[in-house]
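Here is a structure to explore step by step. Take a moment to turn it around on your screen, and then we'll walk through it together.

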Amino acid sequence: QPSPSSRKPLQPSPAAPLPASWTLRGMFFCHYFGISFCAPFIVLWMRKAGLSNAEIGLINTLRPMLGMVCVPTWGLIADRFNTKAVLLLLLCLSTVVRFSIYSVASFWPLLVVILASDFFGAPIEPFLDSTCLSAIKDPSTYGRYRVWGTIGWGWVGVPLAGQILASSGLGTLF
C-alpha cells in the first residue's frame, strides 16, 4: 500500500468529451440552422436593396457557376492540408462575409459580397459530408447524422425565421 505522501492529490476529472456521434449531429444541425435564416430569404433582401429582376437573376445564375469551380478547388486544398482545418477556416470566413451582406445595398457591392460568401460557403456542405463519412464506422448510418441538418433547416430554422419575418419584418433577419 502506498504511503500517504506518495499518493497523488485528487484532481478533478476533466469533463468527458461529447461523443463524436453527437458532435457530428450538432455540426449538421448548426450549419443548416444558421443558413436557414439567410438562404431562403436572400432574394427578398436583394429586392429590398432595390435590385432589378435582371440583377437578381444574374447573381443567382453566377452562384452555382462559382460553386462548380470553388468546390473542387477547396477540395484540392483540403486534400493537400487538413480537411477539418479547411472546414473550420471556411466556416469562419463564410460567416464573416455573410454578415457583411447586410451592410451593402447596391448591385456591384452585393454581387461581390454574395459571390465571396459562396466562394467560402459552397464547399462547407460537401466537407461536412466528408468529415462525417470519415468519422463513422458504417457509411450506411450516414442518414442518422445528416437528418440533423434537415431538422435544423426545415423543422426549426426556416419556420422560426419565417415567424420572425412575418412578425417583425425583413430588417430583423437582415
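**Starting from a cysteine**

Leaving out residues up to four places away in sequence, Cys70 touches Asp118, Phe119, Ala122 and Pro123. Before going on, keep in mind that you're looking at a predicted model. Where does Cys70 sit? You'll find Cys70 in helix 3, which covers residues 53-80. Cys70 has a relative accessible area of 1%, so it counts as buried, the cut-off being under 20%. Now compare sequence and space: Cys70 and Phe120 are 50 residues apart along the chain, yet their C-alpha atoms are separated by 8.1 Å.

Let's zoom out for a moment. The chain has 8 helices and 0 strands, so its pattern along the sequence reads α-α-α-α-α-α-α-α. Of its 174 residues, 32% count as buried. What about contacts between residues at least 6 apart in sequence? Of those, 76% join residues at least 24 apart. As for the outside, the accessible surface of the chain is about 10500 Å², and 68% of that belongs to carbon and sulfur atoms.

Back to single residues. Leu111 is part of helix 5, residues 107-121. Is Leu111 buried or exposed? Its relative accessibility is 8%, and because anything under 20% counts as buried, Leu111 is in that group. Setting aside residues up to four places away in sequence, Leu111 touches Ile59 and Leu62. Asn60 is worth a look here too: from Leu111 to Asn60 you'd count 51 residues in sequence, but C-alpha to C-alpha they are 9.6 Å apart in space.

Next, the aromatic rings. How many aromatic pairs does a search of the whole structure find? The search turns up 8. Take Trp22 and Trp148: their ring centres are 5.6 Å apart and their planes are at 70°, so this pair is edge-to-face. Trp22 belongs to helix 1 (residues 20-35) and Trp148 to helix 7 (residues 142-168), so the pair ties together parts that are 126 residues apart in sequence. Both residues are partly exposed, Trp22 at 44% relative accessibility and Trp148 with a relative accessible area of 27%. Phe119 and Phe120 make an edge-to-face pair as well, with 5.2 Å from centre to centre and 75° between the planes. These two fall on opposite sides of the 20% cut-off: Phe119, at 29% relative accessibility, counts as partly exposed, whereas Phe120, at 17%, counts as buried. There's also a cluster, where ring pairs link Phe29, Phe33 and Phe37.

Rings can have charged company too. Go back to Trp22 and you'll see the charged end of Arg25 sitting over its ring, 4.7 Å from the centre. Elsewhere, Arg80 lies over the face of Phe81, at 5.9 Å from the ring centre.

Now for how helices pack. Two packed helices are described by the angle between their axes and the distance between those axes. In this model, helix 4 (residues 83-100) and helix 6 pack at an angle of about 150°, with 10 Å between their axes. The crossing of these two helices is left-handed. Which residues meet there? From helix 4 come Thr83, Lys84, Val86, Leu87, Leu90, Leu91 and Ser94, and they meet Ile124, Phe127, Leu128 and Thr131 of helix 6.

Let's pick out Thr131 from that group. Thr131 has its place in helix 6, which spans residues 124-135. With 7% relative accessibility, Thr131 counts as buried. Apart from neighbours within four places in sequence, Thr131 is in contact with Leu24, Met27, Thr83, Lys84 and Leu87.

Our last stop is His31, which lies in helix 1. At 9% relative accessibility, His31 counts as buried. Not counting residues up to four places away in sequence, His31 touches Leu91, Ile124, Glu125 and Leu128. You've met some of those names already: Leu91, Ile124 and Leu128 are among the residues where helix 4 and helix 6 meet.

Note on methods: Residues are numbered from 1 along each chain as its sequence is written. This is a predicted model: local features need pLDDT of at least 70, side-chain atom pairs count only at pLDDT 80 or more; totals for chains, interfaces and linings use all residues. Side-chain values use heavy atoms; hydrogens and water are left out. Helices (H or I, at least four residues) and strands (E, at least two) are DSSP runs, numbered from the N terminus. Buried means under 20% relative accessible area, exposed over 50%, partly exposed in between (1.4 Å probe, protein chains only). Contact means heavy atoms within 4.5 Å. Accessible areas come from the Shrake-Rupley method with a 1.4 Å probe; for residues, only the protein chains shown count as cover. Rings of Phe, Tyr and Trp (its six-membered ring) pair if their centres lie within 6.5 Å; planes under 30 degrees apart count as stacked, over 60 as edge-to-face and the rest as tilted. A charge sits over a ring if NZ of Lys or CZ of Arg is within 6 Å of the ring centre and within 35 degrees of the ring normal. Axes are lines fitted to C-alpha atoms, for helices over the stretch in contact, and angles run from 0 to 180 degrees between N-to-C directions. A crossing is left-handed if the near helix is turned anticlockwise from the far one by less than a right angle, and right-handed if clockwise.
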